[in-house]
Amino acid sequence: MSKLYNKLVNKQATLSLIGLGYVGMPIAVAFANEINVIGYDKNSEKIESYRNGVDPTNEVGDEIIKKTKVDFTDKAVNLEKAMFHIVAVPTPVKEDHTPDLRPVISASEELGKHLVKGSIVVYESTVYPGVTEEICVPILERESGLKCGEDFKVGYSPERINPGDKVHRLDTIVKIVSGMDEESLEEIANVYQIVAKAGVYKAESIKVAEAAKVIENSQRDINIAFMNELSIIFDKMNIDTKSVLEAAGTKWNFLKFYPGLVGGHCIGVDPYYLAYKAEQIGYHPEVIMAGRRINDSMGKYIAETTIKKIIKADLDIKKVKVCILGFTFKENCPDTRNTKVYDIVKELQEYGIMPDIYDPVADCKEAKRLYDVNILNKFKSEKYNVYVIAVGHDNFKNEYGNLLEKDYLKNKKVIIDVKGIFDNSIFSKEEYVYWRL
Ligand SMILES: NC(=O)c1ccc[n+]([C@@H]2O[C@H](COP(=O)([O-])OP(=O)(O)OC[C@H]3O[C@@H](n4cnc5c(N)ncnc54)[C@H](O)[C@@H]3O)[C@@H](O)[C@H]2O)c1
């Protein structure tokens, strides 16, 4: 069993990646530079796109996809050819915010059916402590007829990559690894070291590794919620929150967080996983849930503030032309899943305002499928008198100078700069009503 690493580097064994999305694809590509890799995704369209050299996630880019040696497949039976498996399928929440483990369960079922003796299975999907050993292992055993610990082993290695972030990449961040025993931990650490150039951190157990991941994002969620609360308080006092944070940030131990929308499938979701587990064991998490409530309400708050500013600017609420700039859940990333910008759109629609949405980065097809919204890929700013800059894409920061030069922003305009990406002094003239979180 301890020789799997050697077999992989000598190309006598193959690694498989199950779930080729934002997380799975970069890992598959990185491993494929060194060892044999099968990339399995049940989404045949996605596999077809990868085979054609197109990367819809933009995480690794078309050029690299074209050159990669990953053996793409949408047939689970091909998993039989591999002995080291990494599972990176989604872990969303249901409508009621409880964990939706269906992808992890179905991936474990499919893998279990094709699991061979001597294999190692590592989960990367973000989960609450206990999912790997208490939910996945019994499925793998049932489907394979093999015994965990004797015939195959498991581990957990959370993913820390940050889509759209070109600095914190797989090869620059320390990777937490864990295994069910000493032997599997050693093997898993060795294998990950092939791609985790910044090194691995060996967690003392699978549950510790699972818990570490889920609290990394819960901590961010709570800190951002605190900033959002401050922003609501300071707004009522006519104090600019960004200026306050810049002043406070000069203290050595003040944490640099900023207010904003918390969407996506990590920070806004993972705390619910932890909260769910806490409730199951009889503890109601107060701080975690307060953070979730505040962050989930920010889209509505921004929309309501927009309405107030429109009235303050003496614009006719029935005739205003609103453009929302940015629809993705975060800057410089095409992903629109669980974007909170949609909450702004919905709330404005409640007031009878039908905003246009412009986003040069977003995956427009996916946004249409998920929310039935049409995203403009050309910006016709002359026709708007209200802008909600909802996402801090670099494009917007760069385009801004041009917009001013072209005088697009003349006449009375309401500028809602959610992330505070522009210099507010530029909008101090009377013809603007400028607001930021
Ligand atoms: N995206 C991030 O920023 C990020 C960062 C760290 C951790 N994570 C975690 O990593 C996991 C994956 O996230 P992602 O963003 O890559 O998701 P994703 O939706 O981009 O990709 C997941 C892929 O898994 C495939 N899939 C679903 N069920 C499958 C099955 N049964 N068999 C085979 N393939 C299946 C889907 O078709 C999809 O292509 C999640 O648990 C997430 O919380 C994500």
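This report describes the strands, helix contacts and one loop residue of a predicted model.

**The eight-stranded sheet**

Eight strands form an open sheet in the order E3-E2-E1-E4-E5-E6-E7-E8, and their pairing is mixed. Its edges are strand E3 (71-73) and strand E8, each of which pairs on one side only. From one strand to the next the twist averages 25°. In general, the strands of a sheet pair through backbone hydrogen bonds, either parallel or antiparallel.

Strand E7 (residues 175-179) illustrates both senses of pairing, since strand E6 (residues 152-156) runs antiparallel to E7 and is joined to E7 by 2 bridges, whereas strand E8 (residues 200-202) runs parallel to E7 and is joined to E7 by 3 bridges. On the E6 side, Tyr-156 has Ser-178 of E7 as its bridge partner, and on the E8 side, Ile-176 stands opposite Tyr-201. Because 5 of the 5 residues of E7 are buried, this strand is largely enclosed by the rest of the structure. Lys-175, Val-177 and Gly-179 point one way from E7, while Ile-176 and Ser-178 point the other way, and all of them are buried.

Helix H7 (residues 182-193) lies across strand E1 (14-18), strand E4 (84-87), strand E5 (119-123), E6, E7 and E8, and runs at about 150° to E7.

**Strand E12 and its partners**

Strand E12 (residues 386-389) pairs in the parallel sense with strand E9 (residues 322-325) over 4 bridges, and E12 also pairs in the parallel sense with strand E13 (residues 413-417) over 4 bridges. Tyr-387 appears in both pairings, as the bridge partner of Cys-323 and as the residue that stands opposite Ile-415 in E13. Val-386 and Val-388 point one way from E12, and Tyr-387 and Ile-389 point the other way, with all of these residues buried.

The strand pairings described above are set out below.

| Strand pair | Sense | Bridges |
|---|---|---|
| E6 and E7 | antiparallel | 2 bridges |
| E7 and E8 | parallel | 3 bridges |
| E9 and E12 | parallel | 4 bridges |
| E12 and E13 | parallel | 4 bridges |

**Helix H8 and the helices it meets**

Two packed helices are described by the angle between their axes and the distance between the axes. For helix H8 (residues 206-236) and helix H10 (residues 270-280), the axes come within 8 Å and cross at roughly 115°, and the two helices are therefore roughly perpendicular to each other. The crossing of H8 and H10 is left-handed. On the H8 side, Lys-213, Val-214, Ile-215, Asn-217, Ser-218 and Asp-221 take part in the contact, and they meet Asp-270, Pro-271, Tyr-273 and Leu-274 of H10. Sorted by class, the residues of this contact of H8 with H10 comprise 5 nonpolar, 2 polar and 3 charged.

H8 also meets helix H9 (residues 241-248), and here the axes come within 9 Å and cross at roughly 125°, so that H8 and H9 are oblique to each other. Met-227, Leu-230, Ser-231 and Phe-234 of H8 meet Thr-241, Val-244 and Leu-245 of H9. The contact of H8 with H9 has 5 nonpolar and 2 polar residues, and no charged ones.

Helix H11 (residues 286-296) contributes a set of buried residues, namely Ile-288, Met-289, Gly-291, Arg-292, Ile-294 and Asn-295. The elements that cover the buried residues of H11 include H8, H10 and helix H12 (298-312).

**Arg-337 in a loop**

Arg-337 is found in the loop between E9 and helix H13 (341-350). With a relative accessible area of 29%, Arg-337 counts as partly exposed, because this value falls between the 20% limit for buried and the 50% limit for exposed residues. Leaving aside residues up to four places away in sequence, Arg-337 touches Tyr-22, Gly-264, His-265, Phe-329, Glu-366, Leu-370 and Tyr-371. Arg-337 and Leu-20 are 317 residues apart in sequence, and their C-alpha atoms are 16 Å apart in space.

Key. Residues are numbered from 1 along each chain as its sequence is written. This is a predicted model: local features need pLDDT of at least 70, side-chain atom pairs count only at pLDDT 80 or more; totals for chains, interfaces and linings use all residues. Side-chain values use heavy atoms; hydrogens and water are left out. Axes are lines fitted to C-alpha atoms, for helices over the stretch in contact, and angles run from 0 to 180 degrees between N-to-C directions. Angles under 35 degrees count as roughly parallel, over 145 as roughly antiparallel, 65 to 115 as roughly perpendicular and the rest as oblique. A crossing is left-handed if the near helix is turned anticlockwise from the far one by less than a right angle, and right-handed if clockwise. Contact means heavy atoms within 4.5 Å. Ala, Val, Leu, Ile, Met, Phe, Trp, Tyr, Cys and Pro count as nonpolar, Asp, Glu, Lys and Arg as charged, and the others, Gly among them, as polar. Buried means under 20% relative accessible area, exposed over 50%, partly exposed in between (1.4 Å probe, protein chains only). Two strands pair if DSSP finds at least two bridges between them.
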